[in-house]
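Me: I'd like to go through the labels on this one and see what earns each of them. Can we take them one at a time?

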Amino acid sequence: MNTVAAISPKHAAGQRRRERLFRGATLGAALLVLALLGGVTLSLLIGAWPALAHFKLSFITREIWNPVTDQYGALAPIYGTLVTSFLAMLLAVPVSFGIAIFLTELAPGWLKRPVGVAIELLAAVPSIIYGIWGLFVLAPVLQRHVQPWLIDVLGPLPLIGKFFQGPPFGIGILTAAFVLAIMVIPFVSAVMRDVFETVPDVLKESGYGLGATTWEVIWQVVVPYARTGMIGGVMLGLGRALGETMAVTFVIGNAHRIGTSLLAPGTTISASIANEFAEAVGDLYTSSLVALGALLFLITFVVIAAARLMLMRLERRALGSA
Amino acid sequence: MNKTPDNNPSRPSLPPPAADAAEAAMEEALGAHGSAADRGARLLKPSGRRGGIPAEPHSPLALDSPPIAHPVFHCKDVNMFYGAKQALKNITLDVAPRQVLAMIGPSGCGKSTFLRCLNRMNDTIPNTRTTGTITLDGQDIFAPEVDVAQLRARIGMVFQKPNPFPKSIFENVAYGPRIHGMTRSRAELDEIVCSSLTRAGLWDEVKDRLNAPGTGLSGGQQQRLCIARTIAVQPEVILMDEPCSALDPVATARVEDLIDELRAQYAIVIVTHSMQQAARVSQRTAYFHLGELIEIGETDRIFTNPRHRLTEDYITGRFG
Ligand SMILES: Nc1ncnc2c1ncn2[C@@H]1O[C@H](COP(=O)(O)OP(=O)(O)O)[C@@H](O)[C@H]1O
Ligand SMILES: [Mg+2]
């Protein structure tokens, strides 16, 4: 029997139609994402416009935030966002690095999976849980045990002393940074673990073959090879920390001012928006909050884009050497 | 890594040698000069376990002649397991100083695995187990007091795919001397890097760009860089696992010439899938089959007059 003759032209036409339909549907879904991104950007800009037009550049250079006099400056939330995220990364990166190295290079086989799964589960805990825990468990502990120690020991020091002065509130910039650090650790360590796993075995074996110890192979072979990817992972974590809302809102104290001390209450962009949007009256107030959102969008976009770029470069190199 | 004491299955009928005579007895057993009873016992025992491989009137030991007086590596009854899967079965062979030993055999027969036993590289793979004895210059490499890093520093290794570190050409070669604190000054380090690159035949090609990344070189240059990196540590032996399989014929010829020069100073064990290469570069050849050492002997003899049918089938191209 001739199989070619068995294909009916009608059936072939149906096949082609379904194929076109399918292509069209997937293309539509892809375009929808772009449209959404454009729509979000556009509505943010439109919403932020009154505030930006009114305050001009002073919107991002002034600390004042006064709904009574209708004066709004974003400096305090910007400062709070950047400082809490930076401190959080300072605490989270070394720990995440240790976890990732342990999981890829040192952990015995039977321990790798349980710890790996635990980390993924931690990453899935809703942020409001971290917020509640931070407020009711972490903050009192910090207030009673950690902050008094910081004030006594680091407070009198020159240069860094001024960051650790004032009363121990419990809540504040430092507490928010702690909570953020705990939240991004699972995330950053999971990315770093994946990055370390891209290091070819044979490269590590070359190190071992020259008589290097595990320590030397990790520092001189694994880390240099994975550097770009590690930075990418850190940036992704930073992107998360910058935008985190609920947990921070619980523990940061929500004060629109820039205190030198890290123990003082402050605010972040997302915490301000979450706190004030419901009670915002007046167009300028609302518009200022939207403008805060647009700023956050810009900051996280830049961070995430940089991270993606670095990860992409790593992937290209991994492909190139394969 | 687990290691069971040498249980010595292949010489059950020998009278138990006095401790100090053990080495001499072993050496004798390695040659063709063992007693008839000795040879007979060896024949009977292992052949019963060798599923699939027909018994032949020779064991690998008896085929190895003449005996090697001061072997660099002395391996006896080496068994190696990946989990439950046995990859090497009772491998017994010696590696002679200042000679190239080629290991040939169908792919998957355990050549790489055996090579990696010699510098305990298999330790880095989880769930592996090696039994038997391997000595380097008479010292048991599995002894608990052995520092694996120091052991590996005495044994160079060159891999199938050229794999320079993501560092500069200079730093690639300087890496080993640095981690072992072999130099006291920058001038000494420069000297080691220069001489290693020169001996690897790469100096003239890279001397103007020592700070360029090693990964930017051509494949053949990268492989010679890896060889330079290896000899910079001044090892006693160099293990090579199909070092030319990723290289073009010109680069291959250069590396083969290099191997021939290095032989003046080092013992070299090379795994190769090319019988022509084995014939060109080696003085002795070992033929592996399904995790067993079938035959070992002078390269000329193996290729002109193989004694085992499996060896003959392989070198005449009937399988592989
Ligand atoms: N890491 C590993 N885990 C499990 N089995 C392995 C591993 N490496 C090699 N093997 C097995 O061991 C046997 C010998 O492999 P190998 O030594 O690489 O052979 P060759 O180098 O002669 O081609 C093969 O059957 C292979 O599948
Ligand atoms: Mg192999």
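Reply: Sure, and keep in mind that this is a predicted model. Let's start with a definition: two strands pair if DSSP finds at least two bridges between them.

Me: So what makes β1(B) and β2(B) a pair?

Reply: The cut-off is at least two bridges. Strand β1 (residues 73-82) and strand β2 (residues 85-95) of chain B have seven, in the antiparallel sense, so they count as paired. Within that pairing, Cys75(B) sits opposite Leu93(B) of β2(B). The two strands form a hairpin with two residues between them, and Gly83(B) in the turn has a positive phi of about 60°.

Me: Now the interface. Why is the meeting of Arg116(B) and Glu205(A) called a salt bridge?

Reply: The rule wants a side-chain nitrogen of Lys or Arg within 4 Å of a carboxyl oxygen of Asp or Glu. Here the N to O distance is 2.8 Å, so the Arg116(B) and Glu205(A) side chains qualify. The rule finds one salt bridge across the interface of chain A and chain B.

Me: Which elements of chain A give two or more residues to the side that touches chain B?

Reply: Those are α8 (201-209) and α9 (214-243) of chain A. α8(A) gives the most, with seven residues. By class, that side of chain A has ten nonpolar, seven polar and two charged residues.

Me: And how much area is buried between chain A and chain B?

Reply: About 1,700 Å², with carbon and sulfur atoms giving 64% of it. The contact takes 19 residues from chain A and 20 residues from chain B.

Note on methods. Residues are numbered from 1 along each chain as its sequence is written. Chains are lettered from A and ligands numbered from 1 in the order in which they are written. This is a predicted model: local features need pLDDT of at least 70, side-chain atom pairs count only at pLDDT 80 or more; totals for chains, interfaces and linings use all residues. Side-chain values use heavy atoms; hydrogens and water are left out. Helices (H or I, at least four residues) and strands (E, at least two) are DSSP runs, numbered from the N terminus. Contact means heavy atoms within 4.5 Å. Buried area is the accessible area (1.4 Å probe) that two parts lose on being put together, summed over both. Ala, Val, Leu, Ile, Met, Phe, Trp, Tyr, Cys and Pro count as nonpolar, Asp, Glu, Lys and Arg as charged, and the others, Gly among them, as polar.
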